[in-house]
Amino acid sequence: MPLHGKDEVRDRIDDDVYASPDLSVPMPKFRIPDDEHSADHAYAVVHDELLLDGNSRQNLATFCQTWSEPQVHRLMDECLDKNMIDKDEYPQTAEIETRCVNMLADLWHAPDANDTVGTSTTGSSEAAMLGGLALKWRWRKRREAEGKPTDKPNLICGPVQICWHKFARYFDVELRQVPLAPGRMTLTPQEVLKYCDENTIGVVPTLGITFNLVYEPVKEIADALDDLQRRTGLDIPIHVDAASGGFIAPFIHKDVVWDFRIERVKSINASGHKFGLTPLGCGWAVWRDRSDLPDELVFRVDYLGGDMPTFALNFSRPGGQIVIQYYNFLRLGKEGYRRIQQACSDTANFMAKAIEQIGLFDILYDGRGGVPGVCWKMKDGVSPGFTLYDLADRMRERGWQVPAYPMPANLQDLVVQRVLVRHGVSRDLATLLVHDLVACIEHFRRHPVGTPMSKEEASGYHH
């Protein structure tokens, strides 16, 4: 029987990670190290550094999903090596993507959900750009057929997310962003008509504005454009940016008419990774009819032996998020989505009432009728010894990310604070946030701020 001493296998014994030679000195930060390291040691270095990130569950600035069921994690692991663009190698993932498009087309009342066209994307921003490109191509094709110039396209919108500014700059389209005004915090039909002309490729209402969470009146805007066409002949389509609302309104705001029930709505984008409840990296673009997506924008690619159509700004990307979207549809059904979104809305309304009772704030949005969340401002004439920027900064000490920011064009003097209530924000968690908000206010009562913080110092990323 062979005998071995501990010294003979010392280099193979799992010593304490933090006593290892690897972690007794800093690893290189800006160059690839010369030697390889233990997987456990490299993991420990990266894991520990990530501890300095904020807690995503306390990030109430983001619309994105931060909680998932254990089954979601398992399916994501199983799809880690699936490249969804390779539809020939992973035909079932491709089939699942098609099913999701059909399900969304049906949810959004497309005339023929089984014969519509759509695609998954890395997020709603890419989906929005695809919708914008289709608008531009259709407009240009019509102008060319009429023998008219195509060099000055414009797009009309209200206070939109940054992706539309990117679309306009990257694809050479004038963005006619209708400014807000006191008492008017959304796009309105009357304002839209002021900006329309023969070079307008489309109008983009938002179903859940980033800044204040409310829905813009899609049906009323469509009616105004119908009247404009009767009077002038201008036929201007609508693309709905339903990044958040596309997965909320169908379940808890069924009286809101915003989707393909409106004939003028030609395309819709939505974020699966927001209120669609998938992990980060999932968006959807769906067109009312196949004819609404110009053939010139669809590429047929011979990839790894398979011929496939594709319309995307990206190419290779993981298939897991698509699979999870399908899992959610099967797991929750319409009733499950309704219960979750209604619970979020109810929790937001609970928070709005609690924050209003503090007595310092006016509630601008109370969680009802739009995206679940709360938006408030400081009461006029109140000088509590701090600003909303100071309050946002103080809340970070307890881990909460509750952004304060000015409203966009023509309302920049109005500073607001906002929270999102997503799946995973429980009533208890909301209560803790309100308690911490009150504690921060009490701190400022005892220690008034001498020099208030500026937007640049305290305002975080609130999209």
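In this predicted model, the axes of helix 10 (residues 388-395) and helix 11 (residues 427-446) come within 10 Å and cross at roughly 120°. Helices here are DSSP runs of H or I with at least four residues, strands are runs of E with at least two, and both are numbered from the N terminus. The axes are lines fitted to C-alpha atoms, for helices over the stretch in contact, and angles run from 0 to 180 degrees between N-to-C directions. Helix 10 and helix 11 are therefore oblique to each other; angles under 35 degrees count as roughly parallel, over 145 as roughly antiparallel, 65 to 115 as roughly perpendicular, and the rest as oblique. The crossing of this pair is right-handed, a label used if the near helix is turned clockwise from the far one by less than a right angle, with anticlockwise giving left-handed. On the helix 10 side, D390, L391, R394 and M395 meet a set of helix 11 residues that includes L433, L437 and F444. Contact, in this text, means heavy atoms within 4.5 Å.

Helix 11 has another partner. The axes of helix 9 and helix 11 also come within 10 Å, but cross at roughly 20°. Helix 9 and helix 11 are therefore roughly parallel to each other, and their crossing is right-handed. Helix 9 brings D346, T347, F350, M351, A354 and I355 to this contact, while helix 11 brings R427, A430, T431, L433, V434 and L437.

Next comes a sheet. Four strands make up an open sheet in the order 10-11-13-12, with antiparallel pairing; two strands pair if DSSP finds at least two bridges between them. Strand 10 (361-365) and strand 12 (404-406) sit at the edges with a single partner strand each, so one side of each has no neighbour in the sheet. From one strand to the next, the twist averages 35°. Strand 10 and strand 11 (residues 373-378) are joined in the antiparallel sense by four bridges, and D362 stands opposite K377 in strand 11. Helix 9 (residues 320-357) packs on this sheet, where it touches strand 10, strand 11 and strand 13 (415-420), and its direction makes about 20° with that of strand 11.

D362 and K377 turn up again among the charged side chains: together with K379 and D380, they are linked in a network of salt bridges. A salt bridge is a side-chain nitrogen of Lys or Arg within 4 Å of a carboxyl oxygen of Asp or Glu. By this rule, the count comes to 25 salt bridges. One of them joins D197 and R176, with the closest N and O atoms 2.8 Å apart. D197 lies in the loop between helix 6 (189-195) and strand 4 (200-204), and R176 lies in strand 3 (residues 174-177), so this pair ties together parts that are 21 residues apart in sequence. D197 is partly exposed at 23% relative accessible area, whereas R176, at 19%, counts as buried. The cut-offs are under 20% relative accessible area for buried and over 50% for exposed, with partly exposed in between (1.4 Å probe, protein chains only).

Helix 6 holds a salt bridge of its own, between the side chains of K194 and E191 (2.9 Å, N to O). These two are three residues apart in helix 6, about one helical turn. K194 is exposed at 60% relative accessibility, but E191 is buried at 14%. Q190 lies in helix 6 as well, and this residue is exposed, with a relative accessible area of 54%. The C-alpha atoms of Q190 and E220 are 9.6 Å apart, with their positions 30 residues apart along the chain. Elsewhere, E146 and K148 meet in a salt bridge (3.6 Å, N to O); E146 is partly exposed at 44%, and so is K148 at 37%.

As for the whole protein chain, there are twelve helices and 13 strands. The C-alpha trace spans about 95 × 70 × 45 Å along its principal axes. Of the 463 residues, 50% count as buried. Among contacts between residues at least 6 apart in sequence, 70% join residues at least 24 apart.

Residues are numbered from 1 along each chain as its sequence is written, and side-chain values use heavy atoms, with hydrogens and water left out. As this is a predicted model, local features need pLDDT of at least 70 and side-chain atom pairs count only at pLDDT 80 or more, while totals for chains, interfaces and linings use all residues.
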